[in-house]
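Please look over the sequence and the three-dimensional model below before reading on. The paragraphs after it are meant to be read with both at hand.

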Amino acid sequence: MSMEFQDGDVIDGVHYHQYDVVIVGAGGAGMRAAIEAAPKARTAVITKLYPTRSHTGAAQGGMAAALANVEEDSWEWHTFDTVKGGDYLVDQDAAEILAKEAIDAVLDLENMGLPFNRTPEGRIDQRRFGGHTRDHGKAPVRRACYAADRTGHMILQTLFQNCVKLGVEFYNEYYALDLVMTKVKGVDRPSAVVAYELATGEIHVFQAKSIVFATGGFGKIYKTTSNAHTLTGDGVGIVWRKGLPLEDMEFFQFHPTGLAGLGILLTEGARGEGAILRNASGERFMERYAPTIKDLAPRDIVSRCMVQEVAEGRGAGPHKDYVLLDCTHLGAEVLETKLPDITEFARTYLGVDPVYEPVPVMPTAHYAMGGIPTNVKAEVLRDNDTIVPGLYAAGECACVSVHGSNRLGTNSLLDINVFGKRAGNNAVEYAESASFVPLPDDPAKGVRELVERLRTSDGSERIGALRKELQDEMDRNAQVFRTDESLARVTETIHSLRERYQNIGIQDRGRRFNTDLLEAIELGFLLDLAEVVVFSARNRKESRGGHMRDDYPDRDDATYMKHTMAYLTGDPHSADAADHITLDWKPVVVTNYQPMERKY
Amino acid sequence: MADNPSVEAGLSAFTVTLIIRRFDPETMDEPVWKDYDVELYPTDRVLDALHKIKWEQDGSLTFRRSCAHGICGSDAMRINGRNRLACKTLIKDLDITQPIYVEAIKGLPLEKDLVVDMEPFFASYREIQPFLIADAKPKDGKERIQSVAQREIFDDTTKCILCAACTSSCPVFWTDGQYFGPAAIVNAHRFIFDSRDEAAKVRLDILNDKEGVWRCRTTFNCTEACPRGIQVTQAIAEVKNAILAGKPAIPAGV
Ligand SMILES: Cc1cc2nc3c(=O)[nH]c(=O)nc-3n(C[C@H](O)[C@H](O)[C@H](O)COP(=O)(O)OP(=O)(O)OC[C@H]3O[C@@H](n4cnc5c(N)ncnc54)[C@H](O)[C@@H]3O)c2cc1C
Ligand code: SF4
Ligand code: FES
């Protein structure tokens, strides 16, 4: 049996909508998809934040593309750097597409109006960034296209402006909470997205032929993070709960230069412009670890070196618990014109003026390399090879995998544009030939029950307290360095937090703008995802990219040069994660580059 | 929160009273002011204080926020009578011998506690055609050429995060909700002065309207309120001049 309705119907208090394409998320990836889809198919964008509040706007340093505007460069070098930077866990066919299509992606944005910084000739200017090199590692190369240190802000604004121009239909402050699957001939097919409207507390079902997830990352599983409060991995969590796999979740990137104690990011572009990391004695310690490219080594390496400097007693400050980012030699002019925002962050939040003093920094949880597995067409995979027709994912929530085990700086703004565009186009193409998958009876049931249970919950556990315990524990035991022992400890904590979560109580009983309720739901996603991250991390007994195991310090290509695929296969509340998570492997696509030792 | 290194270096926590204008549309007819005592460090932000209240005392306290470092524009509010971002206002920069008053921004319909309906604000923004209008495509299929000097002219107004701190601090906007308001003019400026744009005239005509730039009485509230340091009043003045004298030409070769 299936449900009948007309677009715009309200049945039993639930709103029903019908679109060819529904995009969940209005960050860079979602809006880039919308710009392709909206002119060609009836498209809706569902977003829990006003589009311009999305965290793409926080990105600072730049977007990579081998334009060769300021020095010789080629997309092939870019591909190589991406593969090597990802410690050979990158799917090389995907990296090649990323690097090739980068050039048009940047030009598209310029043509849409993005005010890039310019060279004296009036072309798009480019700066250096970590891990991006000339001719396979010979020297740093200027590849990052940028707009001061607010490149992400300008991308987000430009994409939003073009969505306004095209009249894209946004459902702002609508929280997607479920993906509806309908069994058709024995196969689960996506048929709709169910969303909760913040302003009214009403539930909306969006039936669609194509559904694109572009919901961003989940840095809020950690305490110290550059990520927004709202980056709680909802989209990844929704897909996970449907029994679809998640790929490479153990790989989380810790960006070297977060403001100490706060996690607010200072772009790698600062080091691209010449800033230097120093320990307490003023030593430029990266010279010891990466003699060729020093401070511009990839992030996983720099973060580890920083933690090691501190662990070995060479940290700065009263507690010797951070290192210093020295920008003083760059001069006020460079700081004010090329790095104005981060200069202000240091002044505002630490009371430190980078023009005169070095800035206290430590690694901050920054980017999820893992996520919803897709192929290069942004189609979501249900296993190693089979796609889920009509379901797409792009941006930080997806894992293509172009970043492997460690993303290079400036490759994410690129990723969201290249694969956001691909997702939009392919979603339209699919919608043109497909028909709607019928809705099951009462498709809103799951969300209605979840919302009502939480809205009236009066248990003794507080959301804020549980979330803090999770984040503290993840920082302590699943951060830059991990061991089986530390991960075992987090596993236990997460298990007990998941049990306590069943007994939470919220205080806001209202229907309008009930953010108390939504924070409770978001915490549910965080707990689910943290469990997958840690479970996957315990299973990978090697060190690669962002995943550094103190007990297995070497990369082990023979056993582990493959992607992790995690599946929810049992009762999610069973005590032992092993009772409900099943891990499998997926081969890495290798085309031109055989794994080598990673030296810089 | 005490996460800040300078805090660990010896500053200690103290109790601050926040007085917040609460409004629940489902149970109240009028907003009421409510007091909360919170333990804070001088380097905490007002946003940290709001979170402490929400997470530890009263989960129903409602406000928008996301990035927590002044870049997403979610949390403009009136703090001690001035429009600011809660995430960019440090406790030590306020007079802590007095309670801190927090209320929603003015001039937009109040929804709940510190949340207002932003739709009228975005409607004005959309009206000024906030997107590059340029038919001419670069001949070599690459980027349009723009000199460093040409880009510099509108650099300031590209920083806008659409937080509405300016518009909702403007006395003209309070009395006349039809006025486009500073934020819309700032975003029009961003395109009017972009050498690549071909539709300056269209936008200048829109802003020459009776609800346009001429309503601005140069009170500078907007400039003081802008958390991005944009010279809002100056941008409005430049738009006024352009209406009178046309879009200035900036030579490409500078
Ligand atoms: C501080 C910082 C600096 C960075 N700098 C750079 C850089 O210089 N270069 C670079 O390449 N990368 C950078 N990155 C990484 C890059 O910015 C992000 O990975 C990228 O912008 C993510 O884009 P996205 O579109 O996938 O997600 P986001 O921009 O995070 O957007 C997510 C969207 O999903 C929506 N959403 C989430 N959950 C739901 C739900 N349940 N229902 C409905 N909607 C939902 C949100 O409303 C939002 O619109 C930086 C990241 C940070 C944090
Ligand atoms: S001009 Fe400033 S105050 Fe006004 S909306 Fe933009 S950023 Fe906010
Ligand atoms: S929370 Fe983003 S600007 Fe304050």
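What follows goes through helix packing, an internal cavity, a ligand shell and two backbone details.

This is a predicted model, in which local features need pLDDT of at least 70 and side-chain atom pairs count only at pLDDT 80 or more, while totals for chains, interfaces and linings use all residues. Residues are numbered from 1 along each chain as its sequence is written, chains are lettered from A and ligands numbered from 1 in the order in which they are written, and side-chain values use heavy atoms, with hydrogens and water left out.

A good place to begin is helix α15 of chain A, residues 515–539, where helices (DSSP runs of H or I, at least four residues) and strands (runs of E, at least two) are numbered from the N terminus. Helix α13 of chain A, residues 463–477, crosses α15(A) at roughly 25 degrees, and the two axes come within 10 Å; axes here are lines fitted to C-alpha atoms, for helices over the stretch in contact, and angles run from 0 to 180 degrees between N-to-C directions. That angle makes α13(A) roughly parallel to α15(A), given that angles under 35 degrees count as roughly parallel, over 145 as roughly antiparallel, 65 to 115 as roughly perpendicular and the rest as oblique. Helix α5 of chain A, residues 234–241, packs against α15(A) at about 70 degrees with the axes 9 Å apart, which makes α5(A) roughly perpendicular to α15(A). Elsewhere in chain A, helix α1 (residues 28–37) and helix α11 (residues 411–433) have axes 7 Å apart and an angle of about 40 degrees, so α1(A) is oblique to α11(A).

Helix α15(A) also contributes to an internal space. A cavity is a set of points, on a 1 Å grid over the protein atoms alone, where a 1.4 Å probe fits but cannot get out, and its lining residues have an atom within 4 Å of a point. There are twelve cavities of 30 Å³ or more, and the second largest holds about 240 Å³, a volume being the space filled by probe spheres set on the points, which are joined across faces, edges and corners. Its lining has 17 residues, of which A:Y175, A:T515, B:F63, B:R64 and B:R65 are the closest to its centre. The largest share of this lining, four residues, comes from α15(A).

In chain B, the residues around ligand 2 (those with a heavy atom within 4 Å) include B:C160, B:C163, B:C166 and B:C226, as well as B:P227 and B:R228.

Two backbone details in chain A remain. A cis peptide bond, with omega about 5 degrees, joins A:V400 and A:S401, and A:S401 lies in the loop between β19 (398–399) and α11. A:K294, although not a glycine, has a positive phi of about 45 degrees, and its place is the loop between α7 (286–289) and α8 (299–311).

How values were computed: 1 Å grid on protein atoms, 1.4 Å probe; cavity = no way out; pocket = protein on both sides within 12 Å on 5 of 7 lines; lining within 4 Å.
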